Every structure is written in C-alpha cells, then in structure tokens.
Amino acid sequence: MAPSSEDAKTDPELDPKSDAEPEPELSRELRSWRCLVLYLCLYGFMAQMRPGESFITPYLLGPDKNFTRAQVTNEILPVLSYSYMAVLVPVFLLTDLLRYTPVLVLQVLSFISVWLLLLLGRSVLHMQLMELFYGVTMAARVAYSSYIFSLVSPARYQRMAGYSRTAVLLGVFTSSVLGQLLVTVGRVTFSMLNSISLAFLVFSLVLALFLKRPRRSLFFHRPAPACAATPAELAQMCPGPGPRAGGKLERALVAFQDCVLVRMLRELGTGLRQPQLRLWSLWWIFNSAGYYLIVYYAHIWWNEVDRLTGVTHSYNGAADATSTLLGAATSFAAGFLKIRWALWAKLVIAGVTGFQAGLICLMMNTYNIWLCYGTFVLFRGAYQFLVPIATFQIASALSKELCALFFGINTFLATILKTLITLVVSDKRGLGLQVHEQFKVYFGYFLVLTVAYSLGALLDFLWHMAATNRCPWPRSCRARRNHHKDHACWTLPRPCSPRTERSMDMCEVKA
C-alpha cells in the first residue's frame, strides 16, 4: 500500500528534506562554538593586560609614593596573604552559587579598585586596602577556569582548556613585554604605566558585562538526573520489615546527607584514601605556599640589589615575561614525560624541590641583578613543570566535581600555611624580618621539604626492593607485569604471604 500524504510528512525516511535539516543546525552550533571560544579567549587575554603590575614594588618604593622598604615588606605585603585567606572560601562558594559571571565582574571591579588606590592612595592604610582588593582578585581566579567548563560539552573540555590557558599566558606575556618596552624604550613613568593598566581594566569590565551566564554549575546548580525513582519505587526495591516510625526524622537525615556541604565532605574523605592523591595534594600545599612567598618578595629583593649596585633601570617586566614563557614550555614538556609515577613521584618531587632550594640560595647570596633574574625565571619554571603533572595525577582519578573540590581544599590549606609563615616571618607583629633574612628562612623551608621527599623516596625504593626479593614475579605472570608497568598508575608489588609464595613456586614449576 502506498503511503499517504500524512505519513510522508511525518516519516523521516520518506521525507527528502529530513536529511538536510541537521546540516544547518550543525553549522549553527559550530558558529556558536567558535564565537564563544573567541569571546572567552579575548576576555582571558584582556583581563591579563596590566603592564604596570611588574613595577608595583619600585613604584611604591620610588619617589611617586616614597614608602620605606620596611613599610612595604612588613606592613603592606602581608595583608595580601591575610585577605586572600579570608575571602578564598566565600568566593569559591559564591562562584558556584551565582554561576560564575557575577564573580568575574567582581574580579574586574576589584582590579580597578587596586589601580585606583595605587594612583590616588597616599598612606599605608590605603596600600593595605589595595592589597585587600588584590586578594579578592586572586581568590576570584577560580571563576574563569570553572566558567569555561560550564558552557561547553565534555567532549570539548580539553580543547577549551588549551585555548583558554593559551590566551591567559599570551596575555601575561604581552602585558609584561608591553610594560617593559614602555618603561625602557618609551621612558614612561610608573604613574603613567598604572594609568594605562587602569584603561585596559575598564575595557575588561565592559567585556565581562557581556559574558554569557550558564544555567548550571558544579555543585549548587547541578543538572537533575534523567529519571529519578520515587519514594514508593524505592520502597518496592528495598522492602523493609514494615512501616517505621519517625518518617520526618528520617527524611530530615536524608536531606542533610544530600546537602551540598555534606556530600562534598563525604567525597573528600573517599578521595583521601588514595596514596597518590595524598602525595600530590601535600606537594600542592607545601610547595605552593613556598613558591608564592618567593614570588611576592622577589621584587623587593631586586629593588634592594638595584639600590646596592647603583642600577637605575628596572627589568622586572622582562623577567616576568621570560618566566611566563619558560613556565609554558616546561608545562608543555611535562605532558610528554612517561614514567612510573607510583614508584618515582617522590624522587622527582625531591629533585625539583632541591633544585628550587639551590636557586633560592644563589639568589640571596648574589648582588648581580641579572643572576637574580635568571634564578627567579628558573625557579618559576621548575614549579610550573610539576603543576600539570600534579593536576593530571589528581584529576585522572576523580570526577569533575571532586576534582574541583580537591583543588579548592588544597589551595585553601596552602593559603593557610602561607599566611602563618607570613605572620611569623614577615609581619611586624611577628619577627618582622627584612627580605634577605626572609630568603634564608625560605631556603631552609625548601631544604626541609627536599629532605622529607628524599626520605620518602628512599623508603619506597627499599620497600620495593624487599617486596621484589621476597616475592619474585613468576614466568606465568611476567606478561601481566609487562602489560602494567608502563601504566601511569602502576602499583608496587606487596610482600607475599607464605601461602602466596608456595602457590607462586608451584606456578613456576608448572611453567
């Protein structure tokens, strides 16, 4: 029987236009994806365009503001660590609750406040308020990295992360180079450089106001499951002995267990049972705290070296640009490093941390400004080398939500540690050490970390050798061993019990 006209209109197999309909839809989606990528990358690039950032320290210590070195070191800079710690958790939760874009706007407004206070402020209190707003901008950095994943499908996460990171690094590099050229070649004053930075930030604010607000987020606005069982269906699947009293109390307990905070803490406890996650989380906490302390106070040490050696031109922008390039190169190279991380992770961390300790020792004992720049560049490059490795080791074993939780907790603990060190070492209410004495403390800090990681690597090696000698691999299991040894999560063999040794001896005889 021939199909009727009604069937021809509804049956896609009989409709010749049905095959052509997805093409415009696909091209429209592709155009939307490209526009979204371009706009996000443009915003990420422009948000980093602050050419005066590399010269804030000489600006504060110079004739424009004329603060003393003790005021900057012991009164102004410590406020950055305190404010960052105070606002990190609220900003992290508000980022997810408000769905990213309001926090991105808040970040740009805080940057504008920073540069307005730099230009108009005159007292130590004004500069401390400036550091407070700067702490808000640092805490809000999580908004951009989380925002890009909320707008695209999981299949495009990797490409989107690569594009956004490239845009951010290119913005940092361009900003540093532009600032250095304006100071060295254009003879622009630090005050004018900060005015140019303020103009860039106003343009970034305009871009932030037109960012698309996503409908979902990781925790507070998670998409609902496709089909959920009703309470009656759950009762049929899990029948009990009969109706139980206290239904309201049980519902309250279930609601409490399903709340966001409890679910996050429960998932955190599950993740901490994995040894590799504990190791890389500890590296993230302890090494990040020391890294940022060096980055914060390196510019003050450079200014001291310039004063003692009579150097009149500052090349802070060139040092920041070079360290950004080296950091990008080492991060890229780390992706091609294939070793048994379960066996060699502690040794690699010990080697990189010991290298950083040597660079700190060299930086604090030299009065050659170019050598100071070089050690700083290598120090940042060594840290950036391990960041993608730690990110991969943590993220590959976790879901997206739990991964964000882990990084948030690790960053918060690193901030607490950094704040405690700042309070004891830098703040005038603590020891109030000058920058050269602080570098001695930081050198000892990295030296202790190197010894701890080295001892851990030695213990792992001895344990591995003892386990291998006590329980050699039989021939029948050799293929399985060779199959797993190249895997990133290859685990060490455990010492065998006598029963296992006997069974393996029998396996050896049969082979």
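Which residues in α6 meet which residues in α10? In this predicted model, nine names can be read off α6, among them Val105, Val108 and Phe111, and their partners in α10 include Ser191, Leu201 and Ser204. The two helices also help to line a cavity. The points below take the helix pair, then the cavity.

**How α6 and α10 pack**

- The axes of α6 and α10 come within 9 Å and cross at roughly 160 degrees.
- An angle over 145 degrees counts as roughly antiparallel, so α6 is roughly antiparallel to α10.
- The crossing of this pair, α6 and α10, is left-handed.

**Who meets whom**

- On the α6 side, the contact is made by Val105, Val108, Leu109, Phe111, Ile112, Trp115, Leu116, Leu118 and Leu119.
- On the α10 side stand Ser191, Asn194, Ser195, Ser197, Leu198, Leu201, Val202, Ser204, Leu205, Ala208 and Leu209.
- The contact of α6 with α10 has 15 nonpolar and five polar residues, and no charged ones.

**The cavity**

- Searching the whole structure turns up one cavity of 30 Å³ or more.
- The largest cavity has a volume of about 30 Å³.
- Its lining consists of Tyr43, Ala47, Gln107, Val108, Phe111, Leu201 and Ser204.
- Two or more lining residues come from each of α2 (22–47), α6 (101–120) and α10 (190–209).
- Helix α6 gives the most to this lining, with three residues.
- By class, the lining holds five nonpolar residues, two polar and no charged.

**Where the two topics join**

- Val108 and Phe111 of α6 line the cavity and also take part in the contact with α10.
- Leu201 and Ser204 of α10 line the cavity and also meet α6.

Terms used: Residues are numbered from 1 along each chain as its sequence is written. This is a predicted model: local features need pLDDT of at least 70, side-chain atom pairs count only at pLDDT 80 or more; totals for chains, interfaces and linings use all residues. Side-chain values use heavy atoms; hydrogens and water are left out. On a 1 Å grid over the protein atoms alone, a cavity is a set of points where a 1.4 Å probe fits but cannot get out, and a pocket is an open set with protein on both sides within 12 Å along at least five of seven lines; lining residues have an atom within 4 Å of a point. Grid points are joined across faces, edges and corners, and a volume is the space filled by probe spheres set on the points. Helices (H or I, at least four residues) and strands (E, at least two) are DSSP runs, numbered from the N terminus. Ala, Val, Leu, Ile, Met, Phe, Trp, Tyr, Cys and Pro count as nonpolar, Asp, Glu, Lys and Arg as charged, and the others, Gly among them, as polar. Axes are lines fitted to C-alpha atoms, for helices over the stretch in contact, and angles run from 0 to 180 degrees between N-to-C directions. Angles under 35 degrees count as roughly parallel, over 145 as roughly antiparallel, 65 to 115 as roughly perpendicular and the rest as oblique. A crossing is left-handed if the near helix is turned anticlockwise from the far one by less than a right angle, and right-handed if clockwise. Contact means heavy atoms within 4.5 Å.
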